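Here's a quick briefing to read alongside the sequence and the structure. It goes topic by topic, so feel free to jump around.

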Amino acid sequence: MFVIYIIEDDESLRDNIRLLLKNNGFYCLTFKNGLEALRTMHKALIPDLIISAVTNPVYDGIRLYENLNSNSRLKEIPFILLSEKDEN
């Protein structure tokens, strides 16, 4: 089973990404921030891929990436950073 972590504070965007991936056969876990995801990685399931928002008010994608990169067990996880452009 290929496991993907989706980390995004915008619930609508997080759910849309999850549904798109789920409909294509992937198992996804969703998190509101990188700290939630990091806690899960240390306690349970390590993902095969992480998709994370760059910005997050609690624990952003850059900080999570740096944290994972300093851990020999977690630094090999592929990591995609999402950024969004405000149209206003």
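**Asn caps, patches and spacings**

Asn 33 sits in the loop that links strand S2 (27–31) to helix H2 (34–43). Keep in mind that this is a predicted model. Below, we start with the two asparagines, move on to the surface patches, and finish with some C-alpha spacings.

**Two loop asparagines**

- With a relative accessible area of 8%, Asn 33 is buried, because buried here means under 20%.
- The Asn 33 side chain reaches the backbone nitrogen of Leu 35, at 2.9 Å.
- Asn 56 turns up in another loop, the one between strand S3 (49–53) and helix H3 (61–69).
- Asn 56 is buried too, at a relative accessible area of 11%.
- The side chain of Asn 56 reaches two backbone nitrogens: that of Val 58 at 2.9 Å, and that of Tyr 59 at 3.3 Å.

**Surface patches**

- Which residues form the negative surface patch? They are Asp 9, Asp 10, Glu 11 and Glu 84.
- Asp 9 belongs to the loop between strand S1 (3–7) and helix H1 (11–22).
- Asp 9 has 37% relative accessibility, so it counts as partly exposed.
- There's a nonpolar patch as well: Met 1, Tyr 27 and Leu 45 make a surface patch of about 330 Å².
- Met 1 is in the segment before S1, and at 75% relative accessibility it counts as exposed.

**Strands S3 and S4**

- Ile 80 is part of strand S4 (residues 79–82).
- Is Ile 80 buried, partly exposed or exposed? Its relative accessibility is 41%, so Ile 80 counts as partly exposed.
- Ile 80 and Ile 51 are 29 residues apart along the chain, yet their C-alpha atoms are separated by 4.7 Å.
- Ile 50 lies in strand S3 and counts as buried, at 0% relative accessibility.
- Between Ile 50 and Val 3, which are 47 residues apart along the chain, the C-alpha separation is 8.7 Å.

**Helix H2 and the loop before S4**

- Thr 40 has its place in helix H2.
- At 23% relative accessibility, Thr 40 counts as partly exposed, because the buried class is for values under 20%.
- From Thr 40 to Leu 29 there are 11 residues in sequence and 9.8 Å in space, C-alpha to C-alpha.
- Ile 77 is placed in the loop between H3 and S4.
- Where does Ile 77 fall, buried or exposed? Ile 77 has a relative accessible area of 11%, so it is buried.
- Ile 77 and Asp 15 are 62 residues apart along the chain, and 22 Å separates their C-alpha atoms.

**To take away**

- For the asparagines, look at the side chains: Asn 33 reaches the backbone nitrogen of Leu 35, while Asn 56 does so with Val 58 and Tyr 59.
- For the surface, look up the negative patch with Asp 9 among its members and the nonpolar patch that includes Met 1.
- For the strands, set partly exposed Ile 80 beside buried Ile 50.

Key:
Residues are numbered from 1 along each chain as its sequence is written. This is a predicted model: local features need pLDDT of at least 70, side-chain atom pairs count only at pLDDT 80 or more; totals for chains, interfaces and linings use all residues. Side-chain values use heavy atoms; hydrogens and water are left out. Patches are made of residues with over 30% relative accessible area and no salt bridge: like charges are joined within 9 Å, nonpolar side chains (Val, Leu, Ile, Met, Phe, Trp, Tyr) within 5 Å. Accessible areas come from the Shrake-Rupley method with a 1.4 Å probe; for residues, only the protein chains shown count as cover. A salt bridge is a side-chain nitrogen of Lys or Arg within 4 Å of a carboxyl oxygen of Asp or Glu. Lys and Arg count as positive and Asp and Glu as negative; His and the chain ends are not counted. The place of a charge is taken as NZ of Lys, CZ of Arg, CG of Asp or CD of Glu. Helices (H or I, at least four residues) and strands (E, at least two) are DSSP runs, numbered from the N terminus. Buried means under 20% relative accessible area, exposed over 50%, partly exposed in between (1.4 Å probe, protein chains only). A polar contact is a pair of N or O atoms within 3.5 Å; within protein, one must be able to donate a hydrogen and the other to accept it, and residues adjacent in sequence count only if both atoms are side-chain atoms.
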